[in-house]
Amino acid sequence: MNVENKIKKCGLCGDLPKLTYNSIKQGNCNVLILGESPAKDGWIQSGKAFYNAQGKLQATGRILQKLLEICNISIDNISFTECCKCIIEDRTQLRKCIHNCQPILLEQISKIDCDIILPMGQYPTEAVLNTKIKRLKDYIGKIFPIKIYNKLKVVIPIYHTSPANPLGYKGNVAIFEKLKDYFKLRENITITPSEDKIK
């Protein structure tokens with residue numbers, strides 16, 4: 001059974017509605033942005049990550065775009081998906097739903113053409129690294145080589161770029177400045193399977 005059908009048939013979160021789009025490829029950049037859960041007026045209406053139904057870039061997307069521009073990347077040239085595959089209104093259900101969705105999420109990521117994953121905030125970072133986080137700042141901006149279905153990926157957690165987050169822009173600038181250098185050096189960077197280290 002493919003990922004799309006697994007999402008549609010999953011009942012672990014009850015009868016919550018499921019996403020129409022489960023991942024979005026917007027160009028040939030090898031970066032995957034990993035969000036938490038979909039907003040009703042966002043990409044689930046537009047079919048385009050961080051845009052609303054009117055085709056306007058939303059506030060979270062505008063902040064992310066400014067950060068991506070540091071690395072000469074456009075928000076229109078990334079891959080995107082959410083940790084939570086259900087549309088939820090009660091945010092108290094978020095951690096539980098993301099936990100339920102984790103196996104499907106990891107399988108989905110293994111099928112997305114990306115080398116670098118930027119999880120936005122605590123829950124996406126927990127989901128992709130399969131760990132419980134006490135202090136998010138201990139993970140933000142650090143490089144985590146991981147294997148997902150035996151495919152090598154690099155995870156670099158960032159602060160969520162919501163305008164409500166005071167670190168959404170200023171806390172991420174230094175990270176993206178380093179990412180700019182990282183992208184420049186990528187031809188000389190390899191992940192050694194036997195050591196799982198960046199060289």
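**Close-up 1. Arg135 and its salt bridge to Asp138.** Arg135 comes out as partly exposed, with 45% of its relative accessible area showing. This is a predicted model, so bear in mind that side-chain atom pairs count only at pLDDT 80 or more. Arg135 pairs up with Asp138 in a salt bridge, and the closest N and O atoms sit 2.9 Å apart. Asp138 is partly exposed too, at 29% relative accessible area. With the salt-bridge rule used here, the count comes to five, and two others get their own views below.

**Close-up 2. Glu36 meets Arg91.** Here the side chains of Glu36 and Arg91 form a salt bridge, at 2.7 Å from N to O. The two partners come from distant parts of the chain, 55 residues apart. Glu36 belongs to the loop between strand S2 (31-35) and helix H2 (43-46), while Arg91 belongs to the loop between strand S3 (79-82) and helix H4 (94-111). Is Glu36 buried or exposed? Glu36 has a relative accessible area of 15%, so it falls under the 20% cut-off and counts as buried. Arg91, on the other hand, is partly exposed at 48%.

**Close-up 3. Lys48, with an acid and a ring for company.** Lys48 makes a salt bridge with Asp76, where the closest N and O atoms are 3.7 Å apart. Lys48 is in the loop between H2 and H3 and Asp76 is in the loop between H3 and S3, so this pair ties together parts 28 residues apart in sequence. Both ends are partly exposed: Lys48 has a relative accessible area of 33%, and Asp76 has 34%. Which ring does the charged end of Lys48 sit over? That would be the ring of Tyr51, with the charged end 4.4 Å from the ring centre.

**Close-up 4. Lys66 over Tyr169.** Here is another lysine with a ring beneath its charge: Lys66 lies over the face of Tyr169, 4.4 Å from the ring centre.

**Close-up 5. Helix H3, residues 59-70.** H3 runs for 12 residues and reaches 18 Å from its first C-alpha to its last, close to the 16 Å expected at 1.5 Å a residue. Its buried residues include Thr60, Gly61, Ile63 and Leu64. Further along H3, Gln65, Leu67, Leu68 and Ile70 are buried as well. An α-helix has 3.6 residues a turn, so residues three or four places apart point the same way. After H3 comes Asn72, and its phi is positive, near 60°.

**Close-up 6. Tyr139 and Phe144, ring on ring.** By the rule for aromatic pairs, the count comes to two. In this one, the centres of the Tyr139 and Phe144 rings are 5.6 Å apart and the planes are at 25°, so the pair is stacked. Phe144 is partly exposed, with a relative accessible area of 21%.

**Close-up 7. Cysteines without a bond.** How many disulfides does the structure hold? Zero. Cys29 is in none, and the nearest cysteine sulfur to it, on Cys71, is 9.2 Å away. Cys114 is also in no disulfide; for that residue the nearest cysteine sulfur is the one on Cys29, at 9.7 Å. Cys29 counts as buried at 11% relative accessibility, and Cys114 counts as buried at 3%.

Conventions
Residues are numbered from 1 along each chain as its sequence is written. This is a predicted model: local features need pLDDT of at least 70, side-chain atom pairs count only at pLDDT 80 or more; totals for chains, interfaces and linings use all residues. Side-chain values use heavy atoms; hydrogens and water are left out. Rings of Phe, Tyr and Trp (its six-membered ring) pair if their centres lie within 6.5 Å; planes under 30 degrees apart count as stacked, over 60 as edge-to-face and the rest as tilted. Buried means under 20% relative accessible area, exposed over 50%, partly exposed in between (1.4 Å probe, protein chains only). A charge sits over a ring if NZ of Lys or CZ of Arg is within 6 Å of the ring centre and within 35 degrees of the ring normal. A disulfide is a pair of cysteine sulfur atoms within 2.5 Å. Helices (H or I, at least four residues) and strands (E, at least two) are DSSP runs, numbered from the N terminus. The expected span of a helix is 1.5 Å times one less than its number of residues. A salt bridge is a side-chain nitrogen of Lys or Arg within 4 Å of a carboxyl oxygen of Asp or Glu.
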